[in-house]
Amino acid sequence: MGLLLSADAVSTIFYVVAKNRDAQTGRRAVVALLDYVTLAALDERCVLDGLAFDIPDIEDALVAAVARKSGVSAIVTRNAKDFKASPVPAISPRECIARSLGH
C-alpha cells in the first residue's frame with residue numbers, strides 16, 4: 001500500500017497554499033499531491049470513532065480513525081505525541097523514511 005491521506009486534509013492543504021500564494025496555486029498543489037497519495041475516505045463511522053478516542057484535537061482524532069479504518073501500519077506526523085491514544089501508532093517522517101529504506 002502506498003501513501004494515504006485523509007480526504008479532509010485536502011481543504012487544509014488547499015487553504016494553506018492559497019493563503020501563502022493564490023487559489024490557482026492551491027488547486028495545482030492539490031492536483032500534484034494526488035499523483036503521490038491516495039485519498040482515504042472520512043465517513044460517518046470514522047467521525048463517530050474519532051470522537052470516541054481520547055485524542056483532544058478533532059483533526060488528529062479523525063486522522064486516527066481514518067488510519068484504523070484503512071488498515072495502515074502507521075500515521076506519519078511531526079507530532080507523534082498528539083497520537084498517544086491512537087489505535088494506530090504514529091511515527092516521525094524520519095522514521096518512515098528509515099523504515100522504507102530498510103534501516
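Reader: How are α1 and α2 oriented to each other?
Author: In this predicted model, the axes (lines fitted to C-alpha atoms, for helices over the stretch in contact; angles 0 to 180 degrees between N-to-C directions) of α1 (residues 9-20) and α2 (residues 23-33) come within 7 Å and cross at roughly 140°. That angle is neither under 35, over 145 nor 65 to 115 degrees, and therefore α1 and α2 are oblique.

Reader: At what pLDDT do side-chain atom pairs count?
Author: Residues are numbered from 1 along each chain, and side-chain values use heavy atoms, without hydrogens or water. Local features need pLDDT of at least 70, totals for chains, interfaces and linings use all residues, and side-chain atom pairs count only at pLDDT 80 or more.

Reader: Which helix gives the most to the largest nonpolar core?
Author: This core has 12 residues, among them Ala 40, Cys 46, Phe 53, Ala 61, Ala 64, Ala 65, Val 66 and Ala 67; its members are buried and joined through side-chain atoms within 4.5 Å. With 5 residues, the top contributor is helix α4 (residues 58-70).

Reader: What is Ala 65 in contact with, beyond four places in sequence?
Author: Ala 65 belongs to that core. Contact means heavy atoms within 4.5 Å, and the partners of Ala 65 are Cys 46, Asp 49, Gly 50 and Phe 53.

Reader: Is Ser 86 buried or exposed?
Author: Ser 86 lies in the loop between β3 (75-76) and β4 (90-91), where it touches Ile 55, Ala 64 and Ile 75, leaving out residues up to four places away in sequence. Its relative accessible area is 13%; under 20% is buried, over 50% exposed and in between partly exposed (1.4 Å probe, protein chains only). Ser 86 is therefore buried.

How values were computed
Helix = DSSP H or I, 4+ residues; strand = E, 2+ residues; numbered from the N terminus.
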